[in-house]
Amino acid sequence: MKPILISGIQPSGETHIGNYLGALKNFVYLQNSGRYQCYFFVADLHSITENYDPAQKYRQIIDVVLNYLAIGINPEKSVIFIQSQIPEHSELMWILNTITPMGELKRMTQFKDKSERQKENVNAGLFNYPVLQAADILLYDAEFVPVGEDQLQHLELARTLARKFNSKFPVGRKKIFVEPKPLLAEVPKLMSLSDPYKKMSKSMPEGCLFMDDSPDEIRNKIKKAVTDSGTEIIYDSEKKPAISNLIRIYGGFSKLSPKEVEKKFKEKNYGQFKKELADLIVESLKPFQVKKKLLSKKPSYILKIIEKGRKKAEKKVNPKIKQIKKAIGLEK
Ligand code: AMP
């Protein structure tokens with residue numbers, strides 16, 4: 001049996017090129033390697049921990065599914081499903097809550113950042129977010145989780161909880177949970193176009209380049225992206241964080257390493273580099289955007305894929321949750 005791999009994307013705001021270079025691009029590569037059984041889900045339960053408009057949520061959920069399909073996730077090879085349609089995620093989260101120390105959750109940098117950003121809505125869901133994430137992974141016996149760097153701390157908690165559960169509730173010699181490992185992409189942390197010291201993030205749309213942006217929007221955003229002092233295209237994250245970020249984007253879309261990008265633009269200035277970068281992004285996103293437009297005209301096909309994914313995910317987790325409940329004495 002091939003090892004299981006799982007990952008999700010939240011339906012909150014639009015998907016940006018940080019999600020693409022840090023996660024989606026790798027999802028497609030890993031799926032096509034044929035080495036894993038892949039599960040990709042829409043993390044809608046996670047997304048309601050932040051401020052949101054209920055009237056937009058369903059559209060955003062479908063949008064993530066469209067992104068998966070348009071970028072190359074193949075529903076014949078991978079399982080695509082919606083988190084909230086599999087109630088076992090929430091059920092296991094509750095069980096894991098009972099072995100999660102509050103102190104571990106208080107240390108989470110994402111919780112601290114988000115609490116700072118939405119001071120009026122520091123809810124318990126935001127606090128327990130990493131426990132739900134651990135449930136998402138452990139429920140499927142996933143050995144691998146492709147994520148961006150921002151999720152490494154959460155993944156470490158999932159590993160800790162797996163170990164803790166296994167030793168607290170032993171079932172013969174067999175361990176209930178697998179300890180998952182992260183798989184990082186080549187660009188595990190893309191920074192904002194407006195502030196190279198902050199991660200590109202849906203919650204700060206002013207610094208994002210979105211996958212659905214039109215060629216004009218892409219050209220404008222790249223033109224306006226902050227740069228560093230000087231004129232040379234040099235990759236140096238400390239001294240030239242803004243240009244280094246743009247080099248990373250160029251590398252991510254062209255398969256060139258940062259050094260190769262540097263060499264290619266040796267004689268060029270910021271303006272020339274930015275122009276070529278914008279052209280490259282426009283061209284690279286075109287097939288995705290065309291495919292997405294076509295798919296968005298086939299709502300019943302999309303619903304069929306979601307239903308097929310729900311059935312497959314349900315089949316996988318049904319025996320697992322029974323096994324877990326037995327281990328903790330809730331079932332005979
Ligand atoms: P989210 O939008 O928080 O659901 O994130 C979906 C995936 O994209 C996760 O694997 C994140 O780690 C990854 N991701 C989000 N923002 C970035 C970024 N700025 N750079 C690289 N990866 C990212």
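How many residue pairs are in polar contact between domain 1 and domain 2, counting pairs with both residues at pLDDT 80 or more? The count is six, and it refers to a predicted model. The report below begins with the two domains and the contact between them, continues with Lys292, and then turns to salt bridges elsewhere in the chain.

## The two domains and their contact

The domain assignment divides the chain into domain 1, made of residues 4-189 together with 299-327, and domain 2, made of residues 205-294. Between the C-alpha centres of domain 1 and domain 2 there is a distance of 29 Å, and the contact draws on 15 residues from domain 1 and 12 residues from domain 2.

The size of an interface is often given as the accessible area lost when the parts come together. In this model domain 1 and domain 2 bury about 1400 Å² between them, and 69% of that area lies on carbon and sulfur atoms. On the domain 1 side, E14, I17 and A70 supply 38% of the area buried against domain 2, which is more than any other three residues supply.

As for polar links, six residue pairs are in polar contact between domain 1 and domain 2, with both residues at pLDDT 80 or more. The helices α1 (17-33) and α3 (54-71) each supply at least two residues of the side of domain 1 that touches domain 2, and the largest share of that side, six residues, comes from α3. Sorted by class, the side of domain 1 that touches domain 2 has eight nonpolar, three polar and four charged residues.

## Lys292 at the interface

Across the interface of domain 1 and domain 2 the rule finds one salt bridge. K292 forms a salt bridge with D63, with the closest N and O atoms 2.8 Å apart. K292 has its place in helix α12, which covers residues 270-295.

Is K292 buried or exposed? K292 counts as buried because its relative accessible area is 7%, which falls under the 20% limit for that class. The side chain of K292 also takes part in a polar contact of 2.7 Å with the side chain of N67. When residues up to four places away in sequence are left out, K292 touches D63, L66, N67, A70 and D212. A70, listed among these neighbours of K292, is also one of the three residues named above for their share of the area that domain 1 buries against domain 2.

## Salt bridges in the whole structure

Side chains of opposite charge can pair when their charged atoms come close. A search of the whole structure finds 22 salt bridges, and the table gives some of them, including the pair formed by K292.

| Salt bridge | N to O distance |
|---|---|
| K292 and D63 | 2.8 Å |
| D150 and K199 | 2.7 Å |
| D195 and K198 | 3.5 Å |
| K286 and E283 | 3.2 Å |

The side chains of D150 and K199 meet in a salt bridge with an N to O distance of 2.7 Å. This pair links distant parts of the chain, since D150 lies in the loop between β4 (144-147) and α8 (152-168) while K199 lies in the loop between β5 (181-184) and α9 (215-224), 49 residues apart. D150 counts as partly exposed at 32% relative accessibility, and K199 is likewise partly exposed, with a relative accessible area of 29%.

In the salt bridge of D195 and K198, D195 is partly exposed at 23% relative accessibility, and K198 is partly exposed at 42%.

Why are K286 and E283 separated by about one helical turn? The separation arises because K286 and E283 are three residues apart in helix α12. K286 counts as partly exposed at 40% relative accessibility, and E283 is partly exposed with a relative accessible area of 47%. Elsewhere, salt bridges that share partners join E156, R159, R163 and E179 into one network.

## Arg117

R117 has its place in helix α6, which covers residues 109-117, and is partly exposed with a relative accessible area of 39%. Leaving out residues up to four places away in sequence, R117 touches E50 and S203. The C-alpha atoms of R117 and K286 are separated by 34 Å, with their positions 169 residues apart along the chain.

Notes: Residues are numbered from 1 along each chain as its sequence is written. This is a predicted model: local features need pLDDT of at least 70, side-chain atom pairs count only at pLDDT 80 or more; totals for chains, interfaces and linings use all residues. Side-chain values use heavy atoms; hydrogens and water are left out. Domain bounds come from an automatic or database domain assignment. Contact means heavy atoms within 4.5 Å. Buried area is the accessible area (1.4 Å probe) that two parts lose on being put together, summed over both. A salt bridge is a side-chain nitrogen of Lys or Arg within 4 Å of a carboxyl oxygen of Asp or Glu. A polar contact is a pair of N or O atoms within 3.5 Å; within protein, one must be able to donate a hydrogen and the other to accept it, and residues adjacent in sequence count only if both atoms are side-chain atoms. Helices (H or I, at least four residues) and strands (E, at least two) are DSSP runs, numbered from the N terminus. Ala, Val, Leu, Ile, Met, Phe, Trp, Tyr, Cys and Pro count as nonpolar, Asp, Glu, Lys and Arg as charged, and the others, Gly among them, as polar. Buried means under 20% relative accessible area, exposed over 50%, partly exposed in between (1.4 Å probe, protein chains only).
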